[in-house]
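User: Could you walk me through this model and explain how its labels are justified?

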Amino acid sequence: MSTKKLSSKRWWYIMPIVFITYSLAYLDRANFSFASAAGINEDLGIPKGMSSLLGALFFLGYFFFQIPGAIYAERRSVKRLIFWCLILWGGCATLTGLVSNIPMLVGIRFMLGVVEAAVMPAMLIYISNWFTKSERSRANTFLILGNPVTVLWMSIVSGYLIHAYGWREMFIIEGIPAVIWAFCWWVLVHDKPSQAKWLNDDEKEALQAQLAKEQEGIKAVRNYGEAFRSRNVIILCGQYFAWSIGVYGFVLWLPSILRSGSQMGMVEAGWLSAVPYLAATIAMILVSWASDKMQNRKLFVWPLLLIGALAFLGSYLVGSDNFWLSYTLLVIAGAAMYAPYGPFFAIIPEMLPRNVAGGAMALINSMGALGSFFGAWFVGYLNGSTGSPAASYIFMGAALLVSVFLTLIVKPAQNQTA
């Protein structure tokens, strides 16, 4: 049996499942940005301040339920957890199209965050059960590619759906696929290699042996409390908080920023909103490949975040009078913010043992959710109160500079003393 043959089997079987699942999760959280640009605020009588809070409310629910979900996935079953999450978030997304008042929308947005909370850490745990250290950055990238690739096609499809039908129909139509996919997931997925019928015994044993060997070089950590108090985990929590401010301020408000910067319809805004995610997809693939090749995670995180920060600040300096130059800088910012995800999420499993790595990733991701909440809310607030995206560019750029500094002070894995 060759490792190459084994790798090929796993990549071709697991990655499409992982990609589709996270794509559907991202579809049902990010399409709210198009409803905001298409008139949901006017139709439901939502004040400007409340609009930015509603856009961010998803992340509050997301924040509170990350760690419990990750612990369940680590100790019980990723398969069972994601199955129920798919059904529930698809239902919540569809119900968004039926809301008639603000309290209903508040409740649904919060619940959507709750049921999607466990998805990211559970999927990272799933990947760590199937892929070795030399593959993990690329595997994580295929998962997280569900983010920019989904926004890429969603930006175009949502623009057309809203143009043809309206924002309500967009939510209803885009929520249904998650429920259908839940049953495909249940049939296709196995928690561990030992359960897979599509691997032979030699392939299972070789993979399990390699994963076990990688754990031997990692210092033992007794429990989650000890892991959560480790220096690197604390720093990475702050880093991901600041990074997520930039990412989700960008994702949730880009269509509105484009429409305010240039008088255009939803279809045009949809096409222009898609371009940064196309650039991000290409950048993520290249960066994850280089990270696995060189086995240097930090080197493929902080320089890209620095480029993103400078692009945001450059877009501010250029101003809305130079729309196309400002837009080009936003494309660069979007690509640079997304590119480091694969290497970033490969850091923790290489620093902490399997018994606590999933919980640590959930803690870091929950802080990212808190940063996402704050970024989405505050960017919306700045746009509404100033009538211009200029202040938002400074805010998101400054947040990314903080994340650059925090990345630089993380100790390399071999020096980790959790």
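Analyst: Happy to. A nonpolar core here is a set of buried Ala, Val, Leu, Ile, Met, Phe, Trp, Tyr and Cys residues joined through side-chain atoms within 4.5 Å. Please keep in mind that this is a predicted model.

User: Which residues touch the most other members of the largest nonpolar core?

Analyst: Trp-89 and Trp-185 do, in a core of 124 residues. Helix α19 (residues 354–386) gives the largest share of this core, twelve residues. There is also a second, separate core of six residues, including Phe-300 and Ala-339.

User: What is Trp-89 in contact with, leaving aside its neighbours within four places in sequence?

Analyst: Its partners include Thr-21, Leu-24, Leu-112, Val-115 and Ala-178. Contact means heavy atoms within 4.5 Å.

User: Why is Ser-392 called buried?

Analyst: Buried means under 20% relative accessible area. Ser-392 has 0%, so the label applies. Ser-392 sits in helix α20 (residues 390–408) and touches Val-379, Leu-382 and Asn-383, not counting residues up to four places away in sequence.

User: Why does Val-106 count as partly exposed?

Analyst: That class lies between the 20% and 50% cut-offs. With a relative accessible area of 28%, Val-106 is therefore partly exposed. Val-106 belongs to helix α7 (residues 102–116), and its contacts, not counting residues up to four places away in sequence, are Leu-54 and Leu-57. Its C-alpha atom is 9.8 Å from that of Met-50, although the two residues are 56 apart along the chain.

User: How do you know that the length of helix α16 agrees with the expected span?

Analyst: The expected span is 1.5 Å times one less than the number of residues. For the 17 residues of α16 (residues 302–318) that gives 24 Å, and the end C-alpha atoms are 24 Å apart, so the two agree. Among the buried residues of α16 are Leu-304, Gly-308, Ala-311 and Ser-315.

User: What makes Leu-278 part of a nonpolar surface patch?

Analyst: Patch residues need over 30% relative accessible area. Leu-278, in helix α15 (residues 266–294), has 44% and so counts as partly exposed. Together with Ile-282 and Leu-286, Leu-278 makes a patch of about 300 Å².

User: What is notable about the phi of Gln-295?

Analyst: Phi of Gln-295 is near 55 degrees, a positive value in a residue other than glycine. Most residues other than glycine have a negative phi. Gln-295 lies in the loop between α15 and α16; at 34% relative accessibility, Gln-295 counts as partly exposed.

Terms used. Residues numbered from 1 in each chain as written. Predicted model: local features only at pLDDT ≥ 70, side-chain atom pairs only at ≥ 80, totals over all residues. Heavy atoms only, no water. Helix = DSSP H or I, 4+ residues; strand = E, 2+ residues; numbered from the N terminus. Buried < 20%, exposed > 50% of the residue type's maximum accessible area, 1.4 Å probe, protein only. Patch = residues over 30% accessible without salt bridge, like charges linked within 9 Å, V, L, I, M, F, W, Y side chains within 5 Å. Areas by Shrake-Rupley, 256 points an atom, 1.4 Å probe, with all protein chains shown as cover. Salt bridge = Lys/Arg side-chain N within 4 Å of Asp/Glu carboxyl O.
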